[in-house]
Protein chains: 2
Amino acid sequence: MDHIVKSYEEELRRLRELIARMGGLAERQVADCAYALVRRDAEMAGEVVGRDAPIDALEREVDSFCVRLLALRQPMASDLRFIVAALKISQDIERIGDYARNVAKRAIIVSGQPFMGGVNGFQWLAQLVQRNLKDSIDAFVRDDADLAERVWAADAPVDDIYTGIFREMLTHMMEDPRNITACTHMLFIAKNFERIGDHATNIAETVHYAVRGAVLPEDRPKADISAEVPPYLGPTA
Amino acid sequence: MDHIVKSYEEELRRLRELIARMGGLAERQVADCAYALVRRDAEMAGEVVGRDAPIDALEREVDSFCVRLLALRQPMASDLRFIVAALKISQDIERIGDYARNVAKRAIIVSGQPFMGGVNGFQWLAQLVQRNLKDSIDAFVRDDADLAERVWAADAPVDDIYTGIFREMLTHMMEDPRNITACTHMLFIAKNFERIGDHATNIAETVHYAVRGAVLPEDRPKADISAEVPPYLGPTA
């Protein structure tokens with residue numbers, strides 16, 4: 001991996017490209033694990049599992065490239081924030097890749113099981129977090145703080161869909177114990193998509209900071225409601 | 001927050017202290033959410049939920065302190081790696097705080113439900129990930145790459161205990177649908193502890209890189225087996 005870079009500008013552009021590529025791979029992983037889940041396609045799920053390593057490798061490349069830039073170019077102000085942002089964002093993308101791989105592993109298992117529910121919810125959930133991920137990466141690549149701010153405020157529907165799936169799965173489990181294994185996997189899959197959405201939001205926050213030099217407020221228009229759903233569906237329901 | 005720093009050495013020491021404090025808060029959160037869960041202590045769980053904000057605030061402080069150090073001191077070699085490591089580790093600790101808060105939220109719910117199983121497993125799981133977290137932070141504070149490497153290789157038992165809890169909960173759910181709500185929370189709680197362990201491992205990897213300047217091999221002695229358990233316990237079992 002010998003990067004022939006001619007100028008500092010080119011190096012910064014290359015860093016942007018590395019993050020864009022990493023983000024692109026992660027987007028594809030998220031799209032494909034959702035597709036594999038909904039279509040019960042174990043083969044495609046297996047491919048997703050096998051395609052996580054390149055994302056991890058890119059994280060290492062971004063890290064060492066950033067350290068090199070910091071050492072050799074001693075960047076200031078917005079360039080410095082940009083490089084620090086790249087370090088943080090690569091960590092978020094790597095986790096997103098992990099979650100997609102975990103979804104794919106579970107998709108392989110549920111593809112062989114009789115029960116399959118909540119397909120629409122999962123498609124919608126996957127699409128929303130995918131869009132947030134794409135927008136947050138685009139915001140980074142284009143220095144677009146406004147887009148980042150929109151992503152940051154955008155995940156309320158993600159939580160709603162997640163909650164809907166959670167309720168649906170719990171009722172299926174209660175109706176027939178034979179659904180429990182598959183439903184448990186589906187619950188973890190939904191949680192994984194929700195976490196992917198969380199990381200997209202983190203990326204958006206980081207982009208906003210990198211571009212504007214100021215952090216967003218601590219409280220987003222978001223609540224971690226997943227922990228609060230089940231009482232309605234509990235033994236007393 | 002006016003930090004009166006007299007020298008570069010002092011600034012680096014201060015960064016070490018910030019991470020140590022952040023790690024200490026997270027350790028306490030992990031310990032207390034586990035205690036609250038096992039003792040069915042909703043009050044303590046509520047305190048854990050309320051104590052997450054200071055960890056988030058410390059992450060911001062670490063970030064801006066690191067950016068300031070990078071801008072003003074233009075560090076090289078091991079100092080540069082140390083500062084980049086602090087940036088990454090603060091992100092991991094922040095996530096650990098999120099997971100502990102989520103455990104605490106769920107602990108509040110399950111404290112009011114009749115079913116309570118797997119207590120030993122949870123205690124053991126919490127203790128193990130807590131120790132890995134403590135050791136990984138200690139490794140950072142003391143530049144101890146050997147300790148970091150031990151943590152990195154240490155989480156095989158975490159996976160085993162997690163798998164045991166997973167099996168136990170699935171059987172409880174299958175035996176009596178009234179257990180489903182509580183067991184679902186318990187499964188997510190176990191998953192949260194496992195993720196806390198993952199982040200402790202990440203921290204250890206980062207410390208190793210910071211001290212030695214070389215990354216650990218890609219494959220750890222670890223497998224994400226949680227996705228592969230249920231078939232044994234499925235409808236055909």
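Begin by selecting helix 3 and helix 4 of chain A, which pack at an angle of about 165° with their axes 9 Å apart. Because angles over 145 degrees count as roughly antiparallel, helix 3 of chain A is roughly antiparallel to helix 4 of chain A. Looking across the pair, you will find that helix 3 of chain A passes helix 4 of chain A in a left-handed crossing. Keep in mind throughout the tour that this is a predicted model.

**The loop between these helices in chain A**

Next, select Q74(A), which lies in the loop between helix 3 (53-73) and helix 4 (77-111) of chain A. Its backbone deserves a look, since most residues other than glycine have a negative phi. Phi of Q74(A), by contrast, is near 40°, a positive value in a residue other than glycine. Is Q74(A) buried, exposed or partly exposed? With a relative accessible area of 28%, Q74(A) is partly exposed, because that class lies between the limits of 20% for buried and 50% for exposed.

**Chain A as a whole**

Now widen the selection to all of chain A, which has 8 helices and 0 strands, so that the order of its elements from the N terminus on reads α-α-α-α-α-α-α-α. Chain A contains 237 residues, and buried residues make up 59% of them.

**Helix 8 of chain A**

Within chain A, select residues 180-212, the 33 residues of helix 8. How far apart should the ends of helix 8 of chain A be at 1.5 Å a residue? The expected span is 48 Å, and the end C-alpha atoms of helix 8 of chain A are 48 Å apart, which agrees. Colouring by accessibility will show that helix 8 of chain A is mostly covered, with 30 of its 33 residues buried. Just after helix 8 of chain A comes G213(A), which takes a positive phi of about 75°.

**Helix 3 of chain B and the residue after it**

Move over to chain B and select helix 3, which has 21 residues and reaches 30 Å from its first C-alpha to its last, close to the 30 Å expected at 1.5 Å a residue. Helix 3 of chain B is followed by Q74(B), whose phi is positive, near 40°. Q74(B) is a residue other than glycine, and it lies in the loop between helix 3 (53-73) and helix 4 of chain B. At 28% relative accessibility, Q74(B) counts as partly exposed.

**Helix 1 against helix 4 in chain B**

Select residues 8-38 and residues 77-111 of chain B, which are helix 1 and helix 4, and you will see them pack at an angle of about 20°, with their axes 9 Å apart. Angles under 35 degrees count as roughly parallel, and helix 1 of chain B and helix 4 of chain B are therefore roughly parallel to each other. Helix 1 of chain B passes helix 4 of chain B in a left-handed crossing. Which classes of residue make up the contact of helix 1 of chain B with helix 4 of chain B? The contact has 20 nonpolar, 3 polar and 3 charged residues.

**Two residues along helix 4 of chain B**

Stay on helix 4 of chain B and pick out G97(B), which lies in this helix and counts as buried at 0% relative accessibility. Add V48(B) to the selection: although G97(B) and V48(B) are 49 residues apart along the chain, their C-alpha atoms are separated by 9.4 Å. Then go to I109(B), also found in helix 4 of chain B, which is buried, with a relative accessible area of 13%. I109(B) is 73 residues from A182(B) in sequence, yet the two are 8.0 Å apart in space, C-alpha to C-alpha.

**Helix 6 against helix 8 in chain B**

Now select residues 145-152 and residues 180-212 of chain B, helix 6 and helix 8, which pack at an angle of about 150° with their axes 8 Å apart. That angle makes helix 6 of chain B roughly antiparallel to helix 8 of chain B. The crossing of helix 6 of chain B and helix 8 of chain B is left-handed.

**Cysteines, to finish**

Finally, display the cysteines of chain B, among them C66(B), which counts as buried at 0% relative accessibility. C183(B) likewise counts as buried, at 0% relative accessibility. How many disulfides are there over all chains? The count comes to 0 disulfides over all chains, where a disulfide is a pair of cysteine sulfur atoms within 2.5 Å.

Notes. Residues numbered from 1 in each chain as written. Chains lettered and ligands numbered in written order. Predicted model: local features only at pLDDT ≥ 70, side-chain atom pairs only at ≥ 80, totals over all residues. Heavy atoms only, no water. Helix = DSSP H or I, 4+ residues; strand = E, 2+ residues; numbered from the N terminus. Expected span 1.5 Å × (residues − 1). Buried < 20%, exposed > 50% of the residue type's maximum accessible area, 1.4 Å probe, protein only. Axes fitted to C-alpha atoms, helices over the stretch in contact; angles between N-to-C directions. Parallel < 35°, antiparallel > 145°, perpendicular 65-115°, else oblique. Left-handed = near helix turned anticlockwise from the far one by under 90°. Nonpolar A, V, L, I, M, F, W, Y, C, P; charged D, E, K, R; others polar.
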